[in-house]
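Me: I have a model open and want to learn to read it feature by feature. Can we go through it together?

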Amino acid sequence: GTQDFPALAETMDEAQEHSQSSPWTPMPQTIGRYELKRLLGEGGMGAVYLAEDPKLKRRVAIKVVRALGGQQREVLERFQREAEISAALNHANVITVHDVGEEPGWGPFIAMEYLEGKSLAEHLKEGRLALEAKLRILIQTLRALRAAHLQGIVHRDVKPDNIFVALDGRVKLLDFGIARTMGQSVTVSGDYTGSPPYAAPELLNGEEPSPQTDRFAFTAMALEILTGCLPHPGATPVAILTHVLHKPPQIPPEPYPQVVALFRAALGKDPEQRPDSLAHFMAEVIHELPLTEPQREALLEELARGDSAGHFALPKRKPKPATAEAAATHQMPQITGWKAAEPVKIFLDDPNLVETEAAPEPAAPPPPEPASELLSGLPFDLKKALIWTALALLALQVFWWVTAFVKEWLGSGQK
């Protein structure tokens, strides 16, 4: 069946089966002002319902968390933070939060836009995403992160579970609940909040979250999406964190050996040595992956296209030299320059073109070359014709000399 928002949602049939034995049943008729329609999914700590806003006549997804004691206040504050960040970003790739509240007897709730689709984590389990689709998901995710970073917001928990892919291809970044504003104290000494497989080493060493830690998590997720492997494996969270701190990232050579070096650099332990732009990193990855040229151009164009957070400035690349294989098959070498967002067409015979640089002074004519060198560069037939012409002229000159001599001799003899 069709799976609905959010990441922990299940199919309608599965949700109905769970609802028969769920601790959350019977389903309440309302949460806040919202009229509940059906259960979308549930977990040990919460449930998600499809609901309708009677005032605005729109469908929403209501997430309710059952928390006890002081946890209720903590969850409510997290929901409130997510609502504030959603309102501040107002970005197409960030989930829209409509409302936050607390329902007596049920706990804190958050009302979000309702989308049909499934989480990226679910897509990865199914293993049906094509390479181009994976790259489009990553491009939309980095747009959301870029918008957050420009507002001074660090997500802190970038992972496939927090990426939602709608049926129409739209990608939404979820769960800004643990996000913080840069410069604000965010951790107590020794504490770590986030997902270990995507944690940056400096974060585990006590440094505060930053855009670089989000970029590290994004890169680790990108490696997982493309190869099915995480850079820091482990059977337990402690084993994973130990690997992050003390061992280099494991980048599998297959199926894309072309990008191993790119991921190794982007997942280095020193944040100063990593790329400072996810857009530049993704451009390099797209350039190296085995895509058709139309696919590559479309992806680079999508990456370069601006959004509400501004325009991306992608670096230009020098064309790769033609390979022996391309020369042998008489094929043009692959074009590697970045495609501009707005192509500019230049006509060479345009009379309106204005010369912007002074024309170079004409070079001195080269010294005359010896005849032997001149002839050496001519075709064989032309050289042969020139030689015979020279010989004929020489013979004619000799004939004139002999004729003149004979006439003079005969004249002197008659006298």
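The dialogue below takes up packing, strands and backbone angles in turn.

Me: What kind of model is this?

Reply: This is a predicted model.

Me: Start with packing. Which residues of the largest nonpolar core touch the most other members?

Reply: A nonpolar core joins buried residues through side-chain atoms within 4.5 Å. Here the largest such core has 55 residues. L135, F176, M221, F263, L289 and L303 touch the most other members.

Me: Which elements give two or more residues to this core?

Reply: Among the helices, α2 (70-89), α4 (131-150) and α6 (211-227) do. So do α8 (260-266), α9 (278-288) and α10 (293-304). Two strands also belong on that list: β9 (163-166) and β10 (171-173).

Me: What lies apart from it?

Reply: Another core, of 14 residues. I95, V97, L115 and L174 are among them.

Me: Now the strands. In what order do the 3 strands of the open sheet come?

Reply: Two strands pair if there are at least two bridges between them. The order here is β7-β9-β10, with antiparallel pairing. At the edges are β7 (117-119) and β10, each paired on one side only. Neighbouring strands are turned by 20° against each other on average, direction ignored.

Me: How many bridges join β9 to β10?

Reply: There are 3, and the two strands run antiparallel. Within β10, V171 is the bridge partner of V165.

Me: Which helix lies across β9 and β10?

Reply: That is α4, running at about 40° to β10. The helix α4 and both strands also give residues to the largest core.

Me: On to the backbone. Where is the cis peptide bond?

Reply: Look at omega. Between E254 and P255, omega is about 5°, and the bond is cis. P255 sits in the loop between α7 (237-246) and α8.

Me: What should I note about phi of K57?

Reply: The sign, together with the residue type. Phi of K57 is near 55°, positive in a residue other than glycine. K57 belongs to the loop between β3 (46-53) and β4 (58-65).

Me: And what is phi of D175?

Reply: Also near 55°, again a positive value in a residue other than glycine. D175 is in the loop between β10 and β11 (180-181).

Me: Are K57 and D175 buried or exposed?

Reply: Use the relative accessible area: buried means under 20%, exposed over 50%. K57 has 63%, so K57 is exposed. D175 has 16%, so D175 is buried.

How values were computed. Residues are numbered from 1 along each chain as its sequence is written. This is a predicted model: local features need pLDDT of at least 70, side-chain atom pairs count only at pLDDT 80 or more; totals for chains, interfaces and linings use all residues. Side-chain values use heavy atoms; hydrogens and water are left out. Buried means under 20% relative accessible area, exposed over 50%, partly exposed in between (1.4 Å probe, protein chains only). Helices (H or I, at least four residues) and strands (E, at least two) are DSSP runs, numbered from the N terminus. Axes are lines fitted to C-alpha atoms, for helices over the stretch in contact, and angles run from 0 to 180 degrees between N-to-C directions. Contact means heavy atoms within 4.5 Å.
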